[in-house]
Amino acid sequence: REEFRLLGAHVAEFPTSEKAAAAAKAMNDPVLMGAPNVARGGSQSGNISAQRLIERGLCDALVSDYHYPALAAAAWTLVDKGVKTLPDAWAMISTNPAEIMGLSDRGALDFGKRADLVVVDEDTREIEATISNGRIAYMSGRIGERLARSGRDVRMAAE
């Protein structure tokens, strides 16, 4: 980890051991782990468990890696296992990555931000809509049915 930091790598992506993650944290470098690792219950290649690093405070954010639907699944897994509260788990896939990447215009709902958000059905936990920069980018499920039945042009407050 020290060698990579000397080369200019100030983000530890998928450290393979707790020791490497702890070294990154000691150097104030953010640690990223794959959301599929959390959602699946471990690394598919036999490396350190992302959940273990999260429990020890050695993981700052989760990234989609090879399967973007794993982001929401990982957040819910952390909640279901009692590792994180929903706001803290969701921050690992939204606010924290935005802060790490220096994207001050996203990651939270607030004045002057992009108005990116995800609508999740509380019963099924399915993502039913995504809004990006104040515009609907994806819609399905009950929310799509409700808007389709309304029979009128639905406009977003941000438009």
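In strand β6, Ile136 is the bridge partner of Ile131. This pairing belongs to a predicted model, in which β5 and β6 (residues 135–139) run antiparallel and are joined by 4 bridges. Strand β5 (residues 127–132) also pairs with β4 (residues 117–120), again in the antiparallel sense and over 4 bridges. The points below take up these hairpins, a parallel sheet, the largest nonpolar core, helix α5 and two pockets.

**The hairpins of β4, β5 and β6**

- Ile131 of β5 is the bridge partner of Leu117, and Ile131 is also the bridge partner of Ile136 in β6.
- The hairpin of β4 and β5 has 6 residues between its strands, and Arg125 in this hairpin takes a positive phi near 65°.
- The hairpin of β5 and β6 has 2 residues between its strands, and here Asn133 takes a positive phi near 55°.
- Strands of a sheet pair through backbone hydrogen bonds, and the pairing may be parallel or antiparallel.

**Asn133 in its loop**

- Asn133 is located in the loop between β5 and β6.
- With a relative accessible area of 48%, Asn133 is classed as partly exposed because this value lies between the 20% limit for buried residues and the 50% limit for exposed ones.
- Leaving out residues up to four places away in sequence, Asn133 touches Arg114, Ala115 and Asp116.
- The C-alpha atom of Asn133 is separated by 9.8 Å from that of Asp105, and the two residues are 28 residues apart along the chain.

**The parallel sheet**

- Three strands form an open sheet in the order β1-β2-β3, with parallel pairing.
- Its edge strands, β1 (12–13) and β3, each pair on one side only.
- The parallel pairing of β2 with β3 extends over 3 bridges.
- In β3, Ala61 is the bridge partner of Leu32.

**The largest nonpolar core**

- This core has 21 residues, and those with the most contacts inside it are Met33, Val38, Leu53, Ile54, Cys59, Leu62 and Leu78.
- At least two residues of the core come from each of α2 (18–26), β2 (31–34), α3 (35–40), α4 (50–55) and α5 (70–80).
- The element that gives the most to the core is α5, with 4 residues.
- Apart from its neighbours within four places in sequence, Ile54 is in contact with Val38, Cys59, Leu62, Leu78, Val83, Lys84 and Met92.
- In soluble globular proteins, nonpolar side chains tend to be buried together.

**Helix α5**

- The buried residues in α5 are Ala70, Ala72, Ala74, Ala75, Trp76, Thr77 and Leu78.
- These buried residues pack against the helices α3, α4 and α6 and against the strands β3, β4 and β5.
- Gly82, just after α5, takes a positive phi of about 75°.

**The largest pocket**

- The volume of the largest pocket is about 1000 Å³.
- Its lining consists of 33 residues, and Trp90, Ile93, Ser94, Leu117 and Val118 lie nearest the centre.
- The elements β3 (61–63), α5, α6 (86–91), α7 (95–100), β4, β5 and β6 each give two or more residues to this lining.
- By class, the lining of the largest pocket has 26 nonpolar, 5 polar and 2 charged residues.

**The second largest pocket**

- The second largest pocket has a volume of about 210 Å³.
- It is lined by 15 residues, of which Phe14, Asn37, Ser43, Ser45 and Asp65 are the closest to its centre.
- Both β2 and α3 supply at least two residues of this lining, and α3 provides the largest share, with 3 residues.
- The lining of the second largest pocket divides into 6 nonpolar, 7 polar and 2 charged residues.

**Asn37 beside the second largest pocket**

- Asn37, one of the residues closest to the centre of the second largest pocket, is placed in helix α3.
- Asn37 counts as buried because its relative accessibility of 11% is under the 20% limit.
- Not counting residues up to four places away in sequence, Asn37 touches Gly42, Ser43, Ile48, Ser49, Ala50 and Gln51.
- Ser43 is thus named twice: it is touched by Asn37, and it is among the residues closest to the centre of the second largest pocket.

How values were computed: Residues are numbered from 1 along each chain as its sequence is written. This is a predicted model: local features need pLDDT of at least 70, side-chain atom pairs count only at pLDDT 80 or more; totals for chains, interfaces and linings use all residues. Side-chain values use heavy atoms; hydrogens and water are left out. Two strands pair if DSSP finds at least two bridges between them. A nonpolar core is a set of buried Ala, Val, Leu, Ile, Met, Phe, Trp, Tyr and Cys residues joined through side-chain atoms within 4.5 Å. Buried means under 20% relative accessible area, exposed over 50%, partly exposed in between (1.4 Å probe, protein chains only). Contact means heavy atoms within 4.5 Å. On a 1 Å grid over the protein atoms alone, a cavity is a set of points where a 1.4 Å probe fits but cannot get out, and a pocket is an open set with protein on both sides within 12 Å along at least five of seven lines; lining residues have an atom within 4 Å of a point. Grid points are joined across faces, edges and corners, and a volume is the space filled by probe spheres set on the points. Ala, Val, Leu, Ile, Met, Phe, Trp, Tyr, Cys and Pro count as nonpolar, Asp, Glu, Lys and Arg as charged, and the others, Gly among them, as polar.
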